[in-house]
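Please open the model in your viewer and keep the sequence panel visible beside it. The tour proceeds by selection, one stop after another.

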Amino acid sequence: MSQQPTADPGTSGFSRRRLLAALAGFSIISTLTMIVAPILGFLIPPKTSGAAAGGKVLVGTVADIPPGQGKVVPVGSSPTIIVNTDQGLNAFSAICPHLGCIVTWDPGSNVILCPCHDGRFNPTTGAVLSGPPPSGLPAEEVTVEDDQIFVVSS
Amino acid sequence: MTTDNPPTSPGSVDDWFESRLHWRALMDALLHVRVPLEAKTFFFGGMTLFLFGVQVVTGTLLALYYKPTPEAAYDSVLFITSDVSFGWLIRSVHHWSANLMILFLVFHLLRVFFQAAYKYPRELTWVVGIGLLGLTMMFGFTGYLLPWDQRAYWATVVGTEIAGGIPFIGDALLVLLRGGADVTEATLSRFFGIHVLVLPLALGAVVAIHLVFVHQQGLANPTKPDPRPPAVPQGRTKPFFPHYILEEVIAWLFLLAMLVVLSSLFPAGLEEEANPLETPAHVKPEWYFLGVYELLKHIPWKVVGILTPMVFIVLLAVLPFIDRNPEVRPRKRPLAIALGILTIAVLIGLTIWGYYS
Ligand code: HEM
Ligand code: FES
């Protein structure tokens with residue numbers, strides 16, 4: 001081992017070694033960015049113009065949902081549950097706010113029921129009666145013209 | 001490397017390879033190692049590896065007929081089961097091997113835990129092992145959707161929604177997993193790609209790392225801690241090849257028989273085709289997610305229910321760095337053993353509860 005000269009250019013302020021290290025670091029980072037950015041971009045799905053058919057959607061006739069009954073109908077791409085209670089027709093989003101299952105009408109207990117984790121909802125208000133859902137079912141506007149049921153989707 | 005090579009006659013096959021590849025040194029390094037006589041692996045890790053091999057073979061066969069679109073997936077699975085020769089067998093073996101793989105993976109983890117084989121110097125082998133656990137569960141989750149029946153569809157809706165409940169990153173993660181806001185054909189394509197391409201390559205690579213680590217460290221001796229600093233282990237040993245391997249192969253043959261029997265008696269089923277408008281009554285996930293399922297039903301705060309299993313996995317991963325007790329014999333580590341048994345009891349309890357609820 002020979003003695004290193006005391007004025008080693010590698011340790012002084014702005015040296016060739018530090019320049020090269022900085023350049024190498026820059027190349028590595030920019031190369032990685034160049035590879036990762038398009039992959040990430042590719043993975044994010046493009047925005048499809050949601051086929052939400054705004055306005056009034058015909059979902060059935062009064063005869064489909066006799067008093068004391070309920071039914072899940074498609075409104076655009078969002079399932080909606082229509083229930084016929086003492087207070088008349090009510091409509092709610094049918095997507096359970098817990099983990100996304102589709103609720104059904106439970107004729108036995110006269111509540112809206114989620115089959116996944118046994119969440120129960122009030123059929124006139126949509127509020128949670130029991131079970132894990134963190135919030136009630138959002139109400140939808142429902143109208144009847146002649147004997148046809150429409151849901152007014154937003 | 002100098003070793004006591006068995007004498008071979010000139011002109012033998014062994015010589016032919018040796019003169020070209022120096023392959024005796026390679027074989028000595030890979031095969032002619034010794035394992036402590038006290039080591040008892042019960043072959044669980046190797047059995048998991050064998051089942052992964054079965055998955056690769058049967059999965060490749062299934063992929064020849066399977067069609068990953070919502071219109072065709074269900075029918076293509078029906079076609080495999082009812083029209084393709086041995087299709088029912090291949091599909092059922094894939095189904096059972098997946099379940100047994102999880103089962104033996106858990107047995108392997110428990111064996112390593114109770115023998116304290118995760119302690120110095122094997123901490124990283126354990127951490128990599130938890131990575132394998134995660135990858136294997138992702139295999140189960142993504143594969144479950146592919147038949148596109150009601151069970152498949154709704155398990156995926158709930159499962160991805162769980163990922164969506166993770167604070168901060170949940171919303172982005174949900175869209176990334178589903179390929180959109182809902183479970184659609186975009187989700188099926190993604191899950192198919194992940195299941196047949198990404199995960200096999202990832203699991204293959206991570207298993208290789210796992211085995212290199214095991215090879216470098218040798219098998220743990222469950223009767224005494226490894227010496228620090230590392231030294232050639234004292235005590236009686238036996239050759240890995242052929243002694244250990246032979247017993248391992250017997251375990252594999254036992255598994256093969258088990259797969260055929262299970263597949264014949266309980267072939268993989270198929271429910272009605274997926275219907276995004278109707279969640280069937282009593283949808284439940286695969287048995288190894290039942291504990292989480294039951295937890296989510298009873299914890300009133302959704303975020304807590306979602307984060308609890310994740311925190312548990314992270315704690316499990318860093319176990320070797322939490323448990324600093326160098327002892328390996330169960331009697332000398334009562335706290336770890338008690339906590340381990342308690343955890344198993346809770347998990348089994350939740351799973352049984354989930355099964356019968
Ligand atoms: C796909 C999953 C896995 C495969 C294929 C696998 C494979 C193996 C194999 C073949 C061995 C050699 C000893 C034996 O057969 O038991 C081993 C050892 C080991 N595995 Fe795994 N393993 C997996 C997952 C795991 C998991 C989930 C853990 C724990 C978190 C783990 C931790 C370990 C440790 C610490 C050792 C060394 C044990 C000793 O030296 O006695 N592995 N693994
Ligand atoms: S998804 Fe409805 S209660 Fe869990």
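Helices (H or I, at least four residues) and strands (E, at least two) are DSSP runs, numbered from the N terminus. This is a predicted model, in which local features need pLDDT of at least 70, side-chain atom pairs count only at pLDDT 80 or more, and totals for chains, interfaces and linings use all residues. Residues are numbered from 1 along each chain as its sequence is written, chains are lettered from A and ligands numbered from 1 in the order in which they are written, and side-chain values use heavy atoms, with hydrogens and water left out.

**Stop 1: ligand 1 and its shell**

Select ligand 1 together with every residue near it, that is, with a heavy atom within 4 Å of it. The selection should hold 26 residues, and the closest are His108(B), Arg111(B), Gly129(B), His210(B) and Ala220(B). Next, colour four helices of chain B: H3 (44-63), H5 (87-114), H6 (123-145) and H9 (185-217), each of which supplies at least two residues of the shell. Which helix gives the largest share of the shell? It is H6(B), with seven residues.

Now colour the shell by residue class. Ala, Val, Leu, Ile, Met, Phe, Trp, Tyr, Cys and Pro count as nonpolar, Asp, Glu, Lys and Arg as charged, and the others, Gly among them, as polar. On this scheme the shell around ligand 1 comprises 14 nonpolar, 10 polar and two charged residues.

Then display polar contacts to the ligand (pairs of N or O atoms within 3.5 Å). A polar backbone atom of Ala220(B) lies 3.0 Å from an oxygen atom of ligand 1. A polar backbone atom of Gly46(B) is 3.2 Å from an oxygen atom of the ligand. From Arg122(B), it is a polar side-chain atom that lies 3.2 Å from a ligand oxygen.

**Stop 2: Gly46(B)**

Centre the view on Gly46(B), which belongs to helix H3 of chain B. Is this residue buried or exposed? Gly46(B) counts as buried because its relative accessibility is 17%, the limit for buried being under 20% relative accessible area, with exposed over 50% and partly exposed in between (1.4 Å probe, protein chains only). Leaving aside neighbours within four places in sequence, Gly46(B) is in contact (heavy atoms within 4.5 Å) with Glu248(B) and Trp252(B). Measure from C-alpha to C-alpha between Gly46(B) and Trp252(B): they are 8.2 Å apart in space, although 206 residues apart in sequence.

**Stop 3: helix H11 of chain B**

Select residues 290-298 of chain B, which form helix H11; seven of its nine residues are buried. These are Leu290(B), Gly291(B), Tyr293(B), Glu294(B), Leu295(B), Leu296(B) and Lys297(B). Show helices H7 (150-164), H12 (302-317) and H14 (334-356) of chain B as well, since the buried residues of H11(B) pack against them.

**Stop 4: chain A as a whole**

Move to chain A, which has one helix and 10 strands. The helix comes at the N-terminal end of the order, and the strands follow it. Of the 154 residues of chain A, 31% count as buried. Colour domain 1 (13-43) and domain 2 (50-153) separately; these bounds come from an automatic or database domain assignment. The centres of the two domains, taken over C-alpha atoms, are 54 Å apart.

**Stop 5: the strands around E3(A)**

Select strand E3 (residues 78-85) of chain A. E3(A) is largely enclosed by the rest of the structure, because seven of its eight residues are buried. Strands are said to pair if DSSP finds at least two bridges between them.

Add strand E2 (residues 70-75), which runs antiparallel to E3(A) and is joined to it by six bridges. Val73(A) has Thr80(A) in E3(A) as its bridge partner. The two strands form a hairpin with two residues between them, and Gly76(A) in the turn has a positive phi of about 60°.

Add strand E4 (residues 88-93), which pairs with E3(A) in the antiparallel sense over six bridges. A hairpin of two residues connects E3(A) to E4(A). In E4(A), Ser93(A) is the bridge partner of Thr80(A), and Phe92(A) is that of Ile81(A).

Finally, add strand E9 (residues 139-145), which pairs with E4(A) in the antiparallel sense over two bridges. There, Phe92(A) stands opposite Ala139(A).

Definitions and conventions:
A polar contact is a pair of N or O atoms within 3.5 Å; within protein, one must be able to donate a hydrogen and the other to accept it, and residues adjacent in sequence count only if both atoms are side-chain atoms.
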